[in-house]
Amino acid sequence: MHKYSDYIIVGGGASGCALAHKLLESKSSVTLIEAGYSHHNFLLNTPAGFFKLINNSKYATYYKTNPQKHLGERVNIVPQGNVLGGGTSINAQVYMRGRAEDYNEWHDILRVNNDSANWDWDTILPYFKEMENNSRLENKYHSKKGKLKVSDSSHVDQLTYDFIDSVASLGVIKTNDFNGEHQKGVGLYQFMNRKGKRSSAASAFIEPQKNNSLLKLLLQTKVKEIIIENEKAIGVVVENSSGMEEKIFADKEVILAAGSFITPKILMLSGIGSEQELQNFSIKCKNDLPGVGKNLMDHPECPLIAKANGKYGYYKQGEGLRMIRNGIEFLLFGTGRVNSTGVEAGAFVNPINSKDLSYIQAFFVPSIYMNSDTIGVIDDGYGMSITTVMTKPKSRGFVKLKSSDFRDNPEIELNLLKHQDDLKMMMAGQRFFLQALQQGPLSKKVKEIIVPNTKNLSDENLENHCRRFVRTNYHPSGTAKMGADNDKMSVLDSKLRVRGIDNLRVCDLSAMPNINSGNTSAPAMMLGLRCGDFLTQRTN
Ligand SMILES: Cc1cc2nc3c(=O)[nH]c(=O)nc-3n(C[C@H](O)[C@H](O)[C@H](O)COP(=O)(O)OP(=O)(O)OC[C@H]3O[C@@H](n4cnc5c(N)ncnc54)[C@H](O)[C@@H]3O)c2cc1C
C-alpha cells in the first residue's frame, strides 16, 4: 500500500521524536518509522531499571565493533536503543548539553560558505531551553517551560557526596549546574526524569501527540532504503511489522534519524556514499559522497575501581530481598534507591592544564562497575567506580557496509585510542581521579584500589590498563557530517541537507562535524528541533 504524508522520519529515537514534535506543531503531517518497540515498560521507565536492561534486552540492538587494534584486539559491544525514544528510552538519563565552544566550533567550520546557517552558541542555546522543563533552574541558561523533564536525583548515596568532597579537595570547584555558564567543576548531575519516571524523547515529544491525526507512528518497521527519483528523495522502502515489504511516500521530505550506525548504512544501501565502496556490493551509485560512514567518533571511557571497607553503596541492591524492599518503598512512597540511575555525580576537569577547557568528564558510581571487561576479572562486592571519559577525542573510525542485505549490521571501526593525544589525556585523567580515591573523605572508605594497579603506576603500566579497559561511552556520532562546500568529506550542508539529493536530510548524531563535550541525548534532540525549524523555514 502506498501511504503519503508531508514528511517521513526514519527512526523514532532522540532526534527523530524531537523533529516529529516540531513538525506536528507546524501542522505538517508526519510518518514516524521506528524499527523497535513501544517504550511502555516499567523497567524502561524507572531510573534504576537501566542497570537491569543494559546487557541483554530486546529494547537494545547490540552492535559489535571490529577487534580494536589499540585496545588489545578487544571487541566493543555498543548497545543502541531499539525502542521508541531510541537511546533516551534506555540510557542513564544524565542531562548534558556540551559547552558553548562545541557549537562555536561547528559554526566556524561551516561559516566558510556565505550562505551557511548559524550554529554558534547564541543560536543553539534557545533550542536547549525550548526542550527543557527544569525542576530547579530557570535563568539565562535554563527553562521550566519545555517538554523534557530535567530534575535533580531524588536519591543520592553518601559515597557520592564523599566523591564530590574528595574531588573538591583537589582544587576543583563545586558546581550545581554543568549546563550553565561554565562546564568545569564537580557536583551532582541532573537527569532526564521526574518523580521516579524517565523523561525520554518518546514520553516528552510523542506521548502528547498520540491522538493527533497528523501523526502516523509505525513501530517494529524497518526502513531498508530511500526511494530516489531524478536525484530527489520521494519515499522509503520498509519491512513492516508483519515482515512484508512496503513503499511509503512523502509529499515534502525524507529525514534520516536512525542513529550514527544505521543512518550511513541506509544512505549507502540507497546508493549514496563512496562510489568505489558501493561497487563492491553492486549498488548503483546515485551520488558519490565519500564521507558517508567516515568520521565516526565516540567518547572513550576507562574505569578506576576500588573495594570499600564497609557496607557502602549499591552492592546487590537490585537483587533478592533488597530489590523487593527497594521496589516496595518505591511503589508505596516513591522514595529510595530505585530513584537513582546509579550514576549520581561527576566532574569536568583538565588534568593537564587546569586553566584550559576540560577534556575529562568523570562519572562516579557507588558500586563496582561490572561489564564485559570486568566480569570474571574483578571480584564483585562492596565498592565504588569512577569512570574517566575523554570528551574531545581526536581518533576517528568508520562505518561500512558488510553486505547489500539491509538485515546485516554494518562493519563498525571505532578506533578508540588510535590517536596518541587521546591516550595521553586518558592517562592524565586516570592519575587525576586516582587521587580522589587516595585522599579526602572517599579514601576513608576505600579498602583497596583494584584497578589500575597502584603498586606500580609507571606510564607503561597505566597505558596497559587503559588499553585493557577503555571502552565506548555509547555516544557514536559524526558518520554523515555537516561541512563546508569545499570539504569533500562532508555529507550534509549546514541545513542538514544531503548533498546532491533533493528533499533528503539527516538530523541525528551522524550530522555532528565534531562531537560535543559530554553526553549526547540533549544535543541529538537539539538537532531534531533545529531540523524542524529548517524544514518549516523558521530559521536560518
Ligand atoms: C546505554 C546507553 C547509555 C547512555 N547514557 C546517556 C546518558 O546518560 N545521557 C545522555 O545524554 N546520553 C546517553 N546516551 C546516549 C544517547 O542516548 C544517544 O546519543 C542518543 O539517543 C542518540 O540519538 P539519535 O537520535 O542520534 O539516535 P537514537 O536515539 O539511537 O535513535 C535512532 C533510532 O532509529 C531506530 N532505527 C534504527 N534503524 C532503523 C531502521 N532501519 N528503520 C527505522 N528505525 C530505525 C532505532 O531503533 C532508534 O530508535 C546513552 C546511550 C546508551 C546506548
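**Exercise 1.** Find which residue just after helix 8 takes a positive phi.

*Solution.* Helices are DSSP runs of H or I, at least four residues long, numbered from the N terminus. Just after helix 8 comes G271, with a positive phi of about 90 degrees. The model is predicted: local features need pLDDT of at least 70, side-chain atom pairs count only at pLDDT 80 or more, and totals for chains, interfaces and linings use all residues. Residue numbers start from 1 along each chain as its sequence is written.

**Exercise 2.** State how many residues of helix 8 are buried.

*Solution.* A residue is buried if 20 or more other C-beta atoms, placed from the backbone, lie within 10 Å of its own. In helix 8, 11 of 11 residues are buried; among them are G259, F261 and K265.

**Exercise 3.** Identify the elements that each supply at least two residues of the shell around the ligand, then sort the shell by residue class.

*Solution.* A residue is near the ligand if its C-beta atom, placed from the backbone, lies within 6 Å of it. The elements include helix 1 (14–25), helix 8 (259–269) and helix 13 (521–535). The shell divides into 18 nonpolar, 19 polar and 3 charged residues. Of the 40 residues around the ligand, G11, G13, G86, G87 and N91 come nearest.

**Exercise 4.** Name the contacts of V10, leaving aside its neighbours within four places in sequence.

*Solution.* Contact requires C-beta atoms, placed from the backbone, within 7 Å. V10 is in contact with I33, V223, V236, V254, I255, L256, A257, A258 and I266.

Definitions and conventions:
Two residues are in contact if their C-beta atoms, placed from the backbone, lie within 7 Å. Ala, Val, Leu, Ile, Met, Phe, Trp, Tyr, Cys and Pro count as nonpolar, Asp, Glu, Lys and Arg as charged, and the others, Gly among them, as polar. A residue is buried if 20 or more other C-beta atoms lie within 10 Å of its own, exposed if 12 or fewer, and partly exposed in between; C-beta atoms are placed from the backbone.
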